[in-house]
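Student: Could you take me through one part of this model closely, and then set it beside the other elements that can be described in a similar way?

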Amino acid sequence: MNVPFQADRASCDELRCLQSSNSLPSSDQQLNSKLLSNHPSNHQLSSSQSPRSQPLSTQPSSRQPLSCKGAITLFAGPCAVESYGQMQKVAVCLRRNQLGWIRGGAFKLRTSSHSFQGLGQAGLDILARIAQEYGLATITEVVSTGSLEATAQAVDALQVGARNMYNYELLKAVSRVIAQSHQPVLLKRGIAATIAEWLEAAAYLALADNSDVMLCERGLRTFEQSYRYTLDIAAVAVVHQRSPLPVCVDVSHAAGTAALVPSLAQAAVAAGADALMIEVHPSPLHARSDGAQQLSIQEFEELLPRLRRIAATLDKKII
Ligand code: PEP
Ligand code: MN
């Protein structure tokens, strides 16, 4: 099935990419001059410069920067890619709601070695097929240098997870790959990383010219046990003050339970996030990872209009 692009996605190409520089504390100037000179905020993307324009063997269909001015990018999809049918159900929902990105982990970094570790290459193949068939841009986590090239060839954008924020060899390897492929990268904040450490980690990715890096707050490990992680919503404002990079908020991994996701997502939009990450699964009860925090398709579709209303008050669209 080949679904044409919706108007929202097409218009994203025409929007200037984020982001203007705010006044920056002097301690951040040096770091930011590198980030700023590289970021697409200073480079209007044309189709010939867009992320997937460089030759990689598998070419997903979309060519989207991670963020667009006046828009909040929504990265929705299951925690892990489990089957083609599972991804297809989510893809249909995303297209029905005029959303442009789908997420899903092919390689999963799990606390327990006995837990589902992801489908690996088969998961990447499913993501590439979904991109082709549904015209969705794809994002997945890159977990190691060994699987980096295969991962980059299969998807539109790479995600560096919280566990790997401090993996500088991986960050350097990703930087080398995106220097060739011009793919965007989403960098999660480590579970105990300061904002300064997170920005320094982003600078490794910005070693590649014209890099398109987005930061992602996903909650911190604190003494509080009422939720999985403590969402640092203030980080959105601080990143905007101190860095030219756009910032995403992953509400699902912070929440740990689906019931908390709507409140956190609404707060993230109101706080000025440039993107949201929300885990969605056609059958959360049967999910092979993070079942408790994933929204069902129905729950996701109930939340979306509420987020759109908050976004509209800020003159933003959710895409
Ligand atoms: C994920 O997004 O799939 C994930 C594992 O997130 P994090 O790295 O934030 O734990
Ligand atoms: Mn997950």
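Tutor: This is a predicted model, and a good place to begin is the pair formed by helix α10 (residues 261-270) and helix α11 (residues 297-313), whose axes come within 9 Å and cross at roughly 20°. Since angles under 35 degrees count as roughly parallel, α10 and α11 are therefore roughly parallel to each other, and their crossing is right-handed. On the α10 side the contact is made by P262, A265, Q266, V269 and A270, while α11 contributes L303, R306, L307, I310 and A311. Sorted by class, the residues in this contact of α10 with α11 are eight nonpolar, one polar and one charged.

A second helix pair can be read in the same terms, because two packed helices are described by the angle between their axes and the distance between the axes. For helix α6 (residues 168-181) and helix α7 (residues 195-205), the axes come within 7 Å and cross at roughly 40°, which makes α6 oblique to α7. From α6, the residues Y168, L171, K172, V174 and S175 meet A201, Y204 and L205 of α7. The contact of α6 with α7 divides into six nonpolar residues, one polar and one charged.

Turning from helices to strands, strand β3 (residues 137-141) has five of its five residues buried, so β3 is largely enclosed by the rest of the structure. The burial applies to both faces of the strand, with A137, I139 and E141 on one side and T138 and T140 on the other. Strand β2 (residues 101-103) pairs with β3 in the parallel sense, over three bridges. I139, one of the buried residues of β3, is the bridge partner of R103.

Strand β5 (residues 185-188) can be followed in the same manner, for V185 and L187 point one way from the strand and L186 and K188 point the other way, and all of these residues are buried. The strand that accompanies β5 is β4 (residues 157-160), which runs parallel to β5 and is joined to it by three bridges. Within this pairing, L158 has V185 of β5 as its bridge partner, and V185 is itself among the buried residues of β5.

How values were computed
Residues are numbered from 1 along each chain as its sequence is written. Chains are lettered from A and ligands numbered from 1 in the order in which they are written. This is a predicted model: local features need pLDDT of at least 70, side-chain atom pairs count only at pLDDT 80 or more; totals for chains, interfaces and linings use all residues. Axes are lines fitted to C-alpha atoms, for helices over the stretch in contact, and angles run from 0 to 180 degrees between N-to-C directions. Helices (H or I, at least four residues) and strands (E, at least two) are DSSP runs, numbered from the N terminus. Angles under 35 degrees count as roughly parallel, over 145 as roughly antiparallel, 65 to 115 as roughly perpendicular and the rest as oblique. A crossing is left-handed if the near helix is turned anticlockwise from the far one by less than a right angle, and right-handed if clockwise. Two residues are in contact if their C-beta atoms, placed from the backbone, lie within 7 Å. Ala, Val, Leu, Ile, Met, Phe, Trp, Tyr, Cys and Pro count as nonpolar, Asp, Glu, Lys and Arg as charged, and the others, Gly among them, as polar. A residue is buried if 20 or more other C-beta atoms lie within 10 Å of its own, exposed if 12 or fewer, and partly exposed in between; C-beta atoms are placed from the backbone. Two strands pair if DSSP finds at least two bridges between them.
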